[in-house]
Amino acid sequence: MPLLFIGIDPNTGDHESPTVWVHQEKQELVFQGWKPDAELEAECATFEVSGHAQGIPDHEAVIRIPARMVPMIREACDAVERAAVIH
């Protein structure tokens with residue numbers, strides 16, 4: 001099974017479940033999070049940095065993950081790095 005579950009927001013309720021996985025074959029982090037409000041998405045879309053196109057392409061999305069999930073994100077990063085060493 002290529003998708004490795006790392007963790008879910010410890011404050012998850014019935015209708016919220018930010019989640020972190022690692023896709024082991026693709027060596028990618030996979031996140032489920034909250035959709036941004038229009039103001040945040042617009043701010044992200046206008047962000048400018050050298051080498052980064054302005055806007056959000058149709059095949060990409062902005063998501064929000066609570067900071068309390070940082071330990072899970074670190075664990076996911078470690079899992080991807082371990083997979084990269086193996087492959």
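This briefing describes the fold, the strand pairing, the surface and charges, the cysteines and a few individual residues of the structure above. The model is a predicted one. The protein contains 2 helices and 3 strands, and these elements follow one another from the N terminus in the order β-β-β-α-α. Measured out along its principal axes, the C-alpha trace spans about 40 × 35 × 20 Å.

**Overall make-up**

- Of the 87 residues in the protein, 20% are buried.
- When contacts between residues at least 6 apart in sequence are considered, 50% of them join residues that are at least 24 apart.
- The protein exposes about 6500 Å², and carbon and sulfur atoms supply 53% of that area.
- The charged side chains comprise 6 positive and 15 negative ones, and the centres of these two sets lie 6 Å apart.

**The strands and their pairing**

- Strand β1 covers residues 3-8, strand β2 covers residues 19-23 and strand β3 covers residues 28-32.
- β1 and β2 run antiparallel and are joined by 5 bridges; in this pairing, Gly 7 stands opposite Val 20 of β2.
- β2 and β3 likewise run antiparallel, with 5 bridges between them, and β2 is thus a strand that pairs with β1 and with β3.
- Val 20 has Phe 31 as its bridge partner in β3, while Val 22 has Leu 29 as its partner in that strand; Val 20 is therefore a residue of β2 that faces Gly 7 in one pairing and Phe 31 in the other.- Of the 5 residues of β2, 4 are buried, so this strand is largely enclosed by the rest of the structure.

**The hairpin and its turn**

- β2 and β3 form a hairpin in which 4 residues lie between the two strands.
- Gln 27 belongs to the loop between β2 and β3, and this residue has a positive phi of about 55° although it is not a glycine.
- With a relative accessibility of 29%, Gln 27 counts as partly exposed.

**The N-terminal segment and the first loop**

- Pro 2 lies in the segment before β1 and, at 29% relative accessibility, counts as partly exposed.
- Leaving aside residues up to four places away in sequence, Pro 2 touches Val 22, His 23, Gln 24 and Glu 25; among these contacts is Val 22, the residue whose bridge partner in β3 is Leu 29.
- The C-alpha atoms of Pro 2 and Trp 34 are separated by 24 Å, and the two residues are 32 places apart along the chain.
- Asn 11 is found in the loop between β1 and β2, where this residue is exposed, with a relative accessible area of 51%.
- Asn 11 and Ala 45 are 34 residues apart along the chain, and their C-alpha atoms are separated by 29 Å.

**Trp 34 and its contacts**

- Trp 34 is found in the loop between β3 and α1, the latter being the helix of residues 38-46.
- Once residues up to four places away in sequence are set aside, Trp 34 touches Asp 9, Glu 16, Pro 18, Ile 63, Arg 64, Pro 66 and Arg 68.
- Trp 34 and Ser 17 are 17 residues apart along the chain, and the separation of their C-alpha atoms is 8.4 Å.

**The cysteines**

- A search of the whole structure finds 0 disulfides.
- Cys 44 is in no disulfide, and the nearest cysteine sulfur to its own, that of Cys 77, is 19 Å away; a pair of cysteine sulfur atoms would have to lie within 2.5 Å to be counted as a disulfide.
- Cys 77 is likewise in no disulfide, the nearest cysteine sulfur being that of Cys 44 at 19 Å.
- Both residues are partly exposed, Cys 44 with a relative accessible area of 30% and Cys 77 with a relative accessible area of 32%.

Key:
Residues numbered from 1 in each chain as written. Predicted model: local features only at pLDDT ≥ 70, side-chain atom pairs only at ≥ 80, totals over all residues. Heavy atoms only, no water. Buried < 20%, exposed > 50% of the residue type's maximum accessible area, 1.4 Å probe, protein only. Contact = heavy atoms within 4.5 Å. Areas by Shrake-Rupley, 256 points an atom, 1.4 Å probe, with all protein chains shown as cover. Lys, Arg positive; Asp, Glu negative; His and termini not counted. Charge placed at Lys NZ, Arg CZ, Asp CG, Glu CD. Pairing = 2+ DSSP bridges.
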